[in-house]
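Let's walk through how to read a few packing features, one question at a time.

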Amino acid sequence: ANNKNVLWSSSDESVATVDQTGVVTTHGIGIATITATTEEGGYQADCTIKVDADIKGTENLMIGAVATASSTVSANGVTPQGAVDQDYTTRWASNYKDISEAEAEDQWLLMELPEARTINEVRITWFSETVYGKEYQILGSNDGENFEVMANVTDGQNKQYIINCSEMTVKYVKFQGIKRTATNGGYGIVEFEAYYNPRIVDTLTEAKLLASRYDEELVGSYAGYQQLKVAISQAEALIQGEFTSAEIQQAVSALSAGIEAYQAEIIAVESVQVAQHEITLEIKTTAEIQATVTPENAIDKQLIYTTSNDSVVQVDQNGLLTALRKGTAVVTVTSRDGGHSATVNVTVTALTDNPPVITASDVTIEQGSRFNPLDYATVSDVEDQDLILTEEHIVANDVDPSIAGVYHVTYRVADSAGNIAEKTIQVTVVETPTETTLTSDQGIKITGLFTSGESLTVSDVTANHSNFDQQEIVQVWQLKVVSSRMRGLPDYEIRIPFTGKKEEIGLYRYNVSYQAISDFKIEGDELVFKTSVAEGVYAITRRIADPKPDTPSEPSDEVNSANPAVPAPQETQKSTGNFWNSLFGKHSNKETEEETTPVEEPNSEAQDEPKTETPTPTQNSELTPDYRREEKSSAAPWMMIGGVVLVLVGGAAFWLIKKGGKHTSEE
């Protein structure tokens, strides 16, 4: 239970109290019920405590008695009279030596009183804690010849032992030994005392128990109840101090009169009646038990409801039933007064007759691993909420974890209503992976833990990607491992072939966005990196250089045949004479090729390295950084609307002047 707290209570705190750790403290004569109640659920258990008191008559009735015995050992201070002289330094001890065992057991002590006295209690103080009377009788007689049994002791105790006797008026009292606790000593009695106990303790206990039978709010106005309360109070005060036999007798009489007066006023419950002895409920529904007591004018009509199975049906202290699960239970209705009862048989049925629900899915395990079918399925049911899967519910299981393959497990469950559910799952046992290198047709390699049935497929998805963040897309590969098992997260090494220029090369993994793989290495013509995710899309990129401002002229990268160390002079481009073409860049194919050919930057090592021919761009080809810069600079400025008029006017004027100058020179 989550809440293990217990609440403690006492039915009569004038008799005994209990703290919240369960420690009981007694306060007065009487009987109290100590009850433990759980905070969670309100479950109860109780015990009854009777508090007694050592009260005896004020006078030892053995005073003046003359004692004789069957035998007495010879020792200083040991005589039959030593047992009745009120001197704890003397005693009587029976003989046990040089006689038979039977004779040693059959020893007696006889006391003759000065006159006949009424006795109902004897107290024996034994000399030894190890040798004393285990079995014996207390006998009484008026003639010393004919004795009657006043008390028969079968389990005697050492030290001082109090014996309640039948009340008799006698002149002779006899101790008759039957059996000792040991054979190495006789019966040794230090003092033998007799009293008349007026039994005030028993009468007071009876009175207090009756007074606590009903709550004071129910009987507080009853005259007999008030009379009894006064008698109890006076008796308790009396026994706390010195008292005489006459005072004790008077207190007992007052208690007896109060008991009689109060009992005459009590109207007790005689029986409990219920309207229905059979109730049927569906799960999660409620009903109330209709119960009454007879007679109708009984003082205490309080009823207590209990259930024999609180997992099936619960009941509160008002008789409200709550059905929890399918089954049966007996609800008992008991009167607090008198403990009269009646029963109701409760049957709980299911809301529906739906079959159990088995929850299980196909599983994949590695070869050689442990497999328990009960670890991969659960069951729930309306009728039987506590239904669980066991070995009995596995009706088919051909799984062999030591051999790779496909197997099946079938579960079959029936609930208490006879509804049946069945489910089969597939169990795939895969080969234990080893370190292997998978190679695609494109030469891409993945090294990791794989089985023989796994393979690598690669697709070229370059066309699906565009340049981003000054990164030119060079090549994009999609990698996929074909497998039937669930792989963990080991480290994989991936090698992607790349024979192009390695300068400004980058590697990215694409998943919604591009994520740089910063720790890749270039080993020969391979890009190498490690990852815990083998599958995915990987993009090879080249950084796009920042645009450079236009200059009036750019040095040529052609070699001067006269002096290879000096670049060839820049060739001046001739005008075609066509104003509109020169203005908007509409040249012939030859002129277009000349203007769009990329110009490489001067390089001091260009003389020693072979030139790589730059291909002519097409509509669908990738544009080099230089070509894209030229394309921008040749069109964008002239498309500015605000500059068109100025260009037209300025260009026309320049052309006219040029033409006019040429014409004049020709003339």
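Q: Before we start, which residues does M62 touch, and what counts as touching?
A: A contact means heavy atoms within 4.5 Å. Leaving out residues up to four places away in sequence, M62 touches V84, Q86, M111, L113, R117, I119, V173, F192, E193 and A194. Keep in mind that this is a predicted model: local features need pLDDT of at least 70, side-chain atom pairs count only at pLDDT 80 or more, and totals for chains, interfaces and linings use all residues. Residues are numbered from 1 along each chain as its sequence is written, and side-chain values use heavy atoms, with hydrogens and water left out.

Q: How many residues are in the largest nonpolar core?
A: A nonpolar core is a set of buried Ala, Val, Leu, Ile, Met, Phe, Trp, Tyr and Cys residues joined through side-chain atoms within 4.5 Å; buried means under 20% relative accessible area (1.4 Å probe, protein chains only). Here the largest one has 30 residues, and M62, I119, I124, I138, F175 and F192 have the most contacts inside it.

Q: Which strand gives the most to this core?
A: Strands are DSSP runs of E, at least two residues, and helices are runs of H or I, at least four, both numbered from the N terminus. Strand 8 gives the most, with 7 residues.

Q: How many helices and strands does the chain have?
A: The chain has 9 helices and 37 strands.

Q: What share of the chain is buried?
A: Buried residues make up 35% of its 667 residues.

Definitions and conventions:
Buried means under 20% relative accessible area, exposed over 50%, partly exposed in between (1.4 Å probe, protein chains only).
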